[in-house]
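Student: Could you take me through one part of this structure slowly, starting with how two helices pack and then moving on to the other chain?

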Amino acid sequence: MDRRKYTAMKRYLAERQQSCLAHQETLQADGRADEGVFERIRANVFGVAEAVLKAADAQKEPEQFFRMRMEQIPAAWEKSLEQAQFHGDAVKAHLEKIKLEAAEEIRTAFDRIWSDEA
Amino acid sequence: MTDMEAIALFKCLADKSRLHILKSLAAEDMYVERLAERLGLTAPTVSFHLKKLAEAGAVRSYKTQYYTMYALCSDVFMTRMIDILREESEEAEQQEQRDRQYRQKVLDSFIVYGRLKSIPAQRKKKRIVLEEICRSFQKGRIYTEKEVNLIIADFHDDFCTLRRDMISERLMERDQRGYWLTEE
């Protein structure tokens with residue numbers, strides 16, 4: 001894997017994780033514990049992506065591996081969101097949307113970093 | 001208000017955003033987007049909090065021509081704290097509440113959106129699940145085996161095992177005419 005891009009992606013994921021956790025603490029201190037949980041969930045998704053990136057680094061085709069995994073993992077969340085919406089479970093649906101938004105953000109960042117030729 | 005209702009309400013109130021939503025609704029009924037704009041939150045976040053408040057009995061919703069409006073359940077907030085503290089909790093009632101909670105926990109673990117994820121191995125848990133399935137049958141009606149299978153299949157594909165378990169647990173009885181719920 002391209003070391004420069006790998007490092008940039010790794011740094012991005014670590015920074016996003018940290019910023020979500022910091023935001024969680026701020027929200028909790030402000031008496032908004034549930035919204036703090038949303039940030040924790042976001043941080044977990046960045047953590048998952050970090051683990052996938054690490055695993056991708058050991059693959060023959062790391063870029064494809066990362067992209068494929070980052071499509072496969074959120075597919076289960078998508079299904080869970082559909083079920084929650086079908087059953088009118090607004091709480092569960094919101095939590096699944098948060099995970100999917102974070103996954104989309106990660107895919108966008110990956111595309112940006114990997115297309116960067118500089 | 002029972003102890004459990006009071007706990008659910010107080011837990012729900014212990015959140016700044018939810019408290020602000022209630023303060024807004026105390027002024028007037030509002031729809032999600034208006035609350036979101038007023039409180040600087042996203043609409044999905046407001047919906048999330050409103051759902052929790054509704055579950056705790058703090059707000060209710062009603063539909064108008066264009067919007068779903070949310071209103072404060074004023075009667076809940078008219079309850080005096082001292083009345084809640086003075087309300088006696090019977091041991092039997094507490095036990096019943098514990099049983100109800102345990103039962104709900106088992107059901108939440110095994111039945112997701114109306115489908116049984118797996119048949120519980122523990123007899124006590126299996127009985128709870130079977131009792132829940134029994135609620136889909138009408139009391140006093142005699143069902144053919146095919147009808148019984150179809151109803152159980154809505155919950156789990158292994159309807160044969162579950163049907164036999166319902167008989168062995170004496171939740172249902174059968175003879176040559178068919179199957180029926182056991183009279184309590």
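**Two helices of chain A, and then chain B**

Tutor: In this predicted model, helix α2 (residues 33-56) of chain A packs with helix α4 (residues 90-115) of chain A at an angle of about 40°, and their axes are 9 Å apart. Angles under 35 degrees would count as roughly parallel, and those from 65 to 115 as roughly perpendicular, so α2(A) and α4(A) are described as oblique to each other. The crossing in which α2(A) passes α4(A) is right-handed. On the side of α2(A), the contact is made by A:Phe38, A:Ile41, A:Arg42, A:Val45, A:Phe46 and A:Ala49, while α4(A) contributes A:Leu95, A:Ile98, A:Lys99, A:Ala102, A:Ala103 and A:Ile106. Sorted by character, the residues of this contact comprise 10 nonpolar and two charged, with no polar ones.

Turning to the other chain, 12 residues of chain A are in contact with 10 residues of chain B. On the chain B side, the elements that give two or more residues are α2 (16-27) and α4 (43-55) of chain B, and the largest share, six residues, comes from α4(B). The chain B side that touches chain A is made up of three nonpolar, three polar and four charged residues.

The helix α4(B) also has a place beside a sheet, for it lies across β2 and β3 of chain B and runs at about 110° to β2(B). That sheet is open and has three strands of chain B in the order β1-β3-β2, with antiparallel pairing. Because β1 (30-31) and β2 (59-63) of chain B stand at the edges, each with a single partner strand, one side of each is left without a neighbour in the sheet. As a general point, the strands of a sheet pair through backbone hydrogen bonds, either parallel or antiparallel. Here β1(B) is joined by two bridges to strand β3 (residues 68-72) of chain B, and these two strands run antiparallel; within this pairing, B:Met30 stands opposite B:Tyr70 in β3(B).

Elsewhere in chain B, strand β6 (residues 172-175) and strand β7 (residues 178-181) are joined by four bridges and run antiparallel. They form a hairpin, with two residues between β6(B) and β7(B), and B:Asp175 stands opposite B:Gly178 in β7(B).

To set these parts in the whole chain, the secondary structure of chain B comes to 10 helices and seven strands, and buried residues make up 21% of its 184 residues.

Note on methods:
Residues numbered from 1 in each chain as written. Chains lettered and ligands numbered in written order. Predicted model: local features only at pLDDT ≥ 70, side-chain atom pairs only at ≥ 80, totals over all residues. Contact = placed C-beta atoms within 7 Å. Nonpolar A, V, L, I, M, F, W, Y, C, P; charged D, E, K, R; others polar. Pairing = 2+ DSSP bridges. Axes fitted to C-alpha atoms, helices over the stretch in contact; angles between N-to-C directions. Buried ≥ 20, exposed ≤ 12 C-beta atoms within 10 Å, placed from the backbone. Parallel < 35°, antiparallel > 145°, perpendicular 65-115°, else oblique. Left-handed = near helix turned anticlockwise from the far one by under 90°.
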